[in-house]
Structure formats: structure tokens, C-alpha cells
There are 2 protein chains.
Amino acid sequence: MTAFDITRYLPYLVNRTGVRIATAFGDVLREHGVTLPMWRVLAALDHADGQRISDLAAMTSIDVSTLSRILDAMQEKGFVERRRGGGDARVVTVHETAAGLALTRRIIPSARHYEDVALRGFSAEEAAALKAMLERVYRNVAALEDQTAPEGETKAA
Amino acid sequence: MTAFDITRYLPYLVNRTGVRIATAFGDVLREHGVTLPMWRVLAALDHADGQRISDLAAMTSIDVSTLSRILDAMQEKGFVERRRGGGDARVVTVHETAAGLALTRRIIPSARHYEDVALRGFSAEEAAALKAMLERVYRNVAALEDQTAPEGETKAA
DNA sequence: TTGCAATATTTGTAATTGCAATATATTCGC
DNA sequence: GCGAATATATTGCAATTACAAATATTGCAA
């Protein structure tokens, strides 16, 4: 059997890339007064405002309990607000405030720039191919989890 | 300007893929009695035994202070040992023990299987292309950091 | 050679994280 | 329509994490 070469091991490559991007962009975000998880929430809400907490957790890849506390902090800062009362009284929906939206708008250019840097030297086709492949990997792993734990979703649907 | 679509944003795609893989493989690792960070250390040592702690931190994308404590735990469990005394008395090198090596050998098949699952439906060429692109992204971001903080490496060289 | 900046690791410490338990609301079986 | 199982969110809590400070060693320059 061939030797195990970590430097060509996909989980390794994905992880180190993710950590690199996260720590580097985290520095940028600090100047805006938000943490990386907070930015993820803002970006997710920018995509679809008024999401329920569990959906927001799935979209941001943040554990619901962790997210709940992050939302406390963001609410404290006035970036989001929680609302109850739409039909099902169990669900809480999260909404961007005007301040949150303004902040998101300020961050987006940096986020775009950051992606440009990450994709420096990539053609549009290559970038699209990379993204499509990451989505395929994500779905492959998600499918495995659903198969392993068939009843009631293990985590992040 | 075009709207910001998080679902096609590279950092988002990389992060969610990494988190998915990490949580899923973490479950597998628990059965072997190790955590994900510990596995990363074992895999890094399998690649090159006797690395210094700072190099190990760079390779595993774990902060040195965090790594120092992870090594405490791994040493406690008898998987690795620290050695001092090779020339520079400041540096500590980390070495896999026989037990650590045996554990690594047991985990590797699962790790391989896991990558196969993640890459299900990928041709060999596609998989190679994905890995190569992830490396390019990593280098792009690393280059940005070195440029931002030219003196003495901000983090993980 | 002495002193001082740089390097390598560890330790202090506060914040973050995630699992488990809880509280509340809903739905399904009967 | 009642009660058990399910769903949603929050909270308790111990472990993990990361930044900063401390410690130890080295190398260089005066």
C-alpha cells in the first residue's frame, strides 16, 4: 500500500486553507469591530434575512448553542434582533437592524477584495470549478452523515 | 455592483466544507481515543517525525500555545515524546512513540476511506485539480500575510 | 564579554466552544 | 382532545482555544 502523505490529503488541504483565510480575514474584521463568527451571521442574513436560528446555524456552520450566544452579543451591539411570534412559537427569527445592514455594507468590499486575493491567478472558469468541487465535497460528506445517522439529522442540515 | 452572494463566496465554501469534514471525522476518531487536533499531530509526525513544535504548529494549523497543551495530553497518553538537546537548547522536537505509531497505522485506513467518501464521484484528474487549487489559494493568502507583516512571520509559516 | 534583541516554548488567563440538560411549544397517535 | 414523542432555542458547564506575558536560550554587536 502507498504511504500516507498528509500534504496531499484533502481534509488537510481544506483545513489549512480555511484556517489561513479565517485568521487573516479575522484581522480585517477586528477593525470593523466584529468577530469572524459575527461576520458569518451578517453575511448569512444578508443572503436571507429573518432566518430561524437553526437554519442560521446550518448556514454558518456554527453550533446552535454557540450561535445563540453570538446572537446575544450581536443583539447587545445592535446589529441584529430576535423575533418570536410567526406561527410557530418555538422558532425565533433573526433580523438585521439598520446598523447591522450598514456594517455589512461596509465589510462587503473587504470581503470581495479578500476573495480576489485568495483567487489571484485563477481564471473565472477555474474559480467556478473550485467552488463547484467544494460544493460536491460538502454534499458527499453530508450524505455520509445522513446515512450514518438516519433519524433526525445529527447536525447542521 | 453585483449583490454579495455568500453561497458562492470562496471563504464560505471552504469553511463549511472544512467544518463538515472535521465534525464527521471527529466522530470516527473518538472511537480511536483521540481528538481531531491529536490526529493532525500524529499525521504530521507520520509525514516527518521529530519536528520542532513551531514547525508542527505551522503544519497542523494549530496555534503553538494550543499545540503545546495538546502535546501534554498526547505525552500523557504515551503517543509522543518531547526531546531537547539537539544543538539549540531552546527547541523541542516531537517524536512518535511505538504506541503513537501503532495508533496512527490503525487510523490511516479510516482516513483514507474518509477521503474517498469526500471525493466520491471525482475522477483522479478532478481530485488532483482540486488539491492543486487549494494549495494555490493557500499560497495566495499566505503571500498576503507576509506582505502585510513583513517582519518575522505573523503566524504559521 | 557583556548586553540586548531575537527565537522557541510554556504558562497565565479570559473568551469561546460544544455537548448535555432544560424549558417551552408543537405534532402525532390514538 | 390527551399524552408521548418531536422540534426549537437557551443555559449549565467543562474543555478548548488564542492572545499575551513569562521563561529560557541563542546570536550578534558594541
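1. In this predicted model, helix H1(A) packs against helix H5 of chain A, which spans residues 98–118, at an angle of about 145 degrees and with the two axes 11 Å apart. The crossing of H1(A) and H5(A) is right-handed. On the H1(A) side the contact is made by Ile21(A), Ala24(A), Phe25(A), Val28(A), Leu29(A) and His32(A), while H5(A) contributes Leu103(A), Arg106(A), Ile107(A), Ser110(A), Ala111(A) and Tyr114(A). Sorted by class, this contact between H1(A) and H5(A) comprises nine nonpolar residues, two polar residues and one charged residue.

2. The geometry of H1(A) itself deserves a comment. The helix has 23 residues and reaches 33 Å from its first C-alpha to its last, close to the 33 Å expected at 1.5 Å a residue. H1(A) nevertheless bends by about 25 degrees, and the bend is placed at Gly26(A). Just after the end of H1(A), Gly33(A) adopts a positive phi of about 80 degrees.

3. Thr17(A) lies in H1 of chain A, the helix formed by residues 10–32, and its surroundings involve chain B. Residues up to four places away in sequence being set aside, Thr17(A) touches Val14(B), Leu134(B), Val137(B) and Tyr138(B). Thr17(A) counts as buried because its relative accessibility is 1%, and the cut-off for that class is under 20%.

4. Val141(B) offers a view from the other chain, with its place in helix H6 of chain B, residues 124–148. When neighbours within four places in sequence are left aside, the residues in contact with Val141(B) are Arg20(A), Ile21(A), Ala24(A), Tyr114(A) and Ala118(A). Among these, Ile21(A), Ala24(A) and Tyr114(A) are also named in the contact of H1(A) with H5(A). Val141(B) has a relative accessibility of 0% and therefore counts as buried. Within chain B, Val141(B) and His95(B) are separated by 46 residues in sequence and by 30 Å in space, C-alpha to C-alpha.

5. As to the overall make-up of chain A, there are six helices and three strands, and from the N terminus on the elements follow the order α-α-β-α-α-β-β-α-α. Taken along the principal axes, the C-alpha atoms of chain A fill a box of roughly 60 × 40 × 25 Å. Chain A has 157 residues, of which 47% count as buried. Of the contacts in chain A with a separation of 6 or more, 47% are between residues 24 or more positions apart.

Methods: Residues numbered from 1 in each chain as written. Chains lettered and ligands numbered in written order. Predicted model: local features only at pLDDT ≥ 70, side-chain atom pairs only at ≥ 80, totals over all residues. Heavy atoms only, no water. Helix = DSSP H or I, 4+ residues; strand = E, 2+ residues; numbered from the N terminus. Buried < 20%, exposed > 50% of the residue type's maximum accessible area, 1.4 Å probe, protein only. Contact = heavy atoms within 4.5 Å. Axes fitted to C-alpha atoms, helices over the stretch in contact; angles between N-to-C directions. Left-handed = near helix turned anticlockwise from the far one by under 90°. Nonpolar A, V, L, I, M, F, W, Y, C, P; charged D, E, K, R; others polar. Expected span 1.5 Å × (residues − 1). Bend = angle between axes of the 7 residues up to and from the residue.
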